[in-house]
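Please look over the sequence and the structure shown here before reading on. The paragraphs that follow begin with the chain as a whole and then turn to some of its parts.

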Amino acid sequence: MQPIASPALLVSFAPRVAPARARITAWLAFAAIALHGCAAPQQAVVPERAGPVAPFVAPVLPAMDPLLEQRILALDPEKISETDVRTTLATGPTPRIILLHGGVVGTHLLMASFGRFLSGMGYPADRIRDPSDNAWSQQPFGSTERLAGEVAWHYERDGVRPMLVGHSQGGIQTVKVLYELNGAFTEKIRVWNAPTDTAEPRTWIVDPLSKAQRPVVGTSVSFAAVVGAGGIALAAPAHWGMAARLRSIPNTVDEFTGFIIAFDPIALTGPGAGSAAYEHNGTAAVRNVELPVTYSHVFVPVTQSLATDPSMRDWLNAYAPGRDNGEAPGSAEGRATNALFAGDVWFSIKKHWCIEAQRLIRSKTTGTATR
């Protein structure tokens, strides 16, 4: 199903200048369009690949400068500075980030803003943009089997596991990918070649750390986050069956953060993170973060401008969950819109970026993979 166009969404793209009534109108329009978009059933098909098959040759990871390896190993994953990002992490192994936008036309622009925010903070843009079409994000109604195969493909070639971030219906899609990797829907998943956007004739990868062959099912991601997931978006046929699974996170992610907006009229969440809390059903570390009622379900990913403000960038780089981070610069003037969401996700991305790079370097001596 193609998302339905939303003039109200596009006209209201600048939330900081929109009056309260306009923001409420945008919310209601978004809800109405999302429900209208549920009329046609979804069917995601993973195409078969025909023709002769060349012998598989496992990819060889690029060599790293020993001095760079030492600098990466010396980093504290929970205390990554802007200098660490730009001069050390960005020059080493960098995980693929897969962004998943919402289901209404125009929401890809919102997630593109978040992608540009990450790039502005120092994350290499070519590790975010889709290698097949250069898009910042993927749509939420496609095949999650395909996405799971793509996660495995990237891991096999990069040696560092991807990360997933989803907004609204893209958040539901994110959790659904975790269940695909966990084998909830099928026992075998084909590897998906990301640049050519085609399935490969195998359901296994060569683990880049252990060098052992392993199935796609069971592959994991290092970090995943969702914001504004659930509520009326679960009425979309593509997401039927996720209502009972959405808040229960499987073992195919190391750390998961669920962002819940207080009194979100689209995700149907009330006050407090407990109104729609996520929890693990195994080993995943799961955090729930409540965003203020002033946050807009529609516009929460709009964060690009935060990376262009030097004082804001300093605040975001110093942000750490669970401590008093002080008020974000420009809060009184309205320049800090969505800063809490941006700072929390950026902290986790830096953390797992570092952990994955260190894990890859250490595997050279141990020859093992942890997942």
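Of the 371 residues in the chain, 56% are buried, a value that, like every other in this text, comes from a predicted model. The chain contains nine helices and 11 strands, and it exposes about 15,200 Å², of which carbon and sulfur atoms supply 57%. When contacts between residues at least 6 apart in sequence are taken together, 79% of them join residues that are at least 24 apart.

Two of the helices can be followed from end to end. Helix H5, which runs over residues 107-120, has 14 residues and reaches 20 Å from its first C-alpha to its last, close to the 20 Å expected at 1.5 Å a residue. The buried residues of H5 are Thr107, Leu110, Met111, Ala112, Ser113, Phe114, Gly115, Phe117 and Leu118. An α-helix has 3.6 residues a turn, so residues three or four places apart point the same way. Just after H5 comes Gly122, which takes a positive phi of about 120°.

Helix H7, covering residues 169-181, has 13 residues, and its span of 19 Å between the first and last C-alpha is close to the 18 Å expected at 1.5 Å a residue. How is H7 placed with respect to the rest of the structure? Because 13 of the 13 residues of H7 are buried, the helix is largely enclosed by the rest of the structure. Just after H7, Gly183 takes a positive phi of about 80°.

Further along the chain, Pro329 lies in the loop between helix H8, residues 310-318, and helix H9, residues 339-366. The C-alpha atom of Pro329 is 9.8 Å from that of Pro310, although 19 residues separate the two along the chain. Leaving aside residues up to four places away in sequence, Pro329 touches Ser311, Met312, Trp315, Arg335 and Ala336.

The last topic is the empty space inside the model. The count comes to three cavities of 30 Å³ or more, and the largest cavity holds about 60 Å³ of space. Its lining is made up of Arg96, Ile97, Ile98, Leu99, Ile128, Asp130, Pro131, Ala135, Trp136, Ser137, Gln138 and Glu150. Strand E1, residues 97-100, gives the largest share of the lining of this largest cavity, namely three residues. Sorted by class, the lining of the largest cavity has seven nonpolar, two polar and three charged residues.

Conventions:
Residues are numbered from 1 along each chain as its sequence is written. This is a predicted model: local features need pLDDT of at least 70, side-chain atom pairs count only at pLDDT 80 or more; totals for chains, interfaces and linings use all residues. Side-chain values use heavy atoms; hydrogens and water are left out. On a 1 Å grid over the protein atoms alone, a cavity is a set of points where a 1.4 Å probe fits but cannot get out, and a pocket is an open set with protein on both sides within 12 Å along at least five of seven lines; lining residues have an atom within 4 Å of a point. Grid points are joined across faces, edges and corners, and a volume is the space filled by probe spheres set on the points. Helices (H or I, at least four residues) and strands (E, at least two) are DSSP runs, numbered from the N terminus. Ala, Val, Leu, Ile, Met, Phe, Trp, Tyr, Cys and Pro count as nonpolar, Asp, Glu, Lys and Arg as charged, and the others, Gly among them, as polar. The expected span of a helix is 1.5 Å times one less than its number of residues. Buried means under 20% relative accessible area, exposed over 50%, partly exposed in between (1.4 Å probe, protein chains only). Contact means heavy atoms within 4.5 Å. Accessible areas come from the Shrake-Rupley method with a 1.4 Å probe; for residues, only the protein chains shown count as cover.
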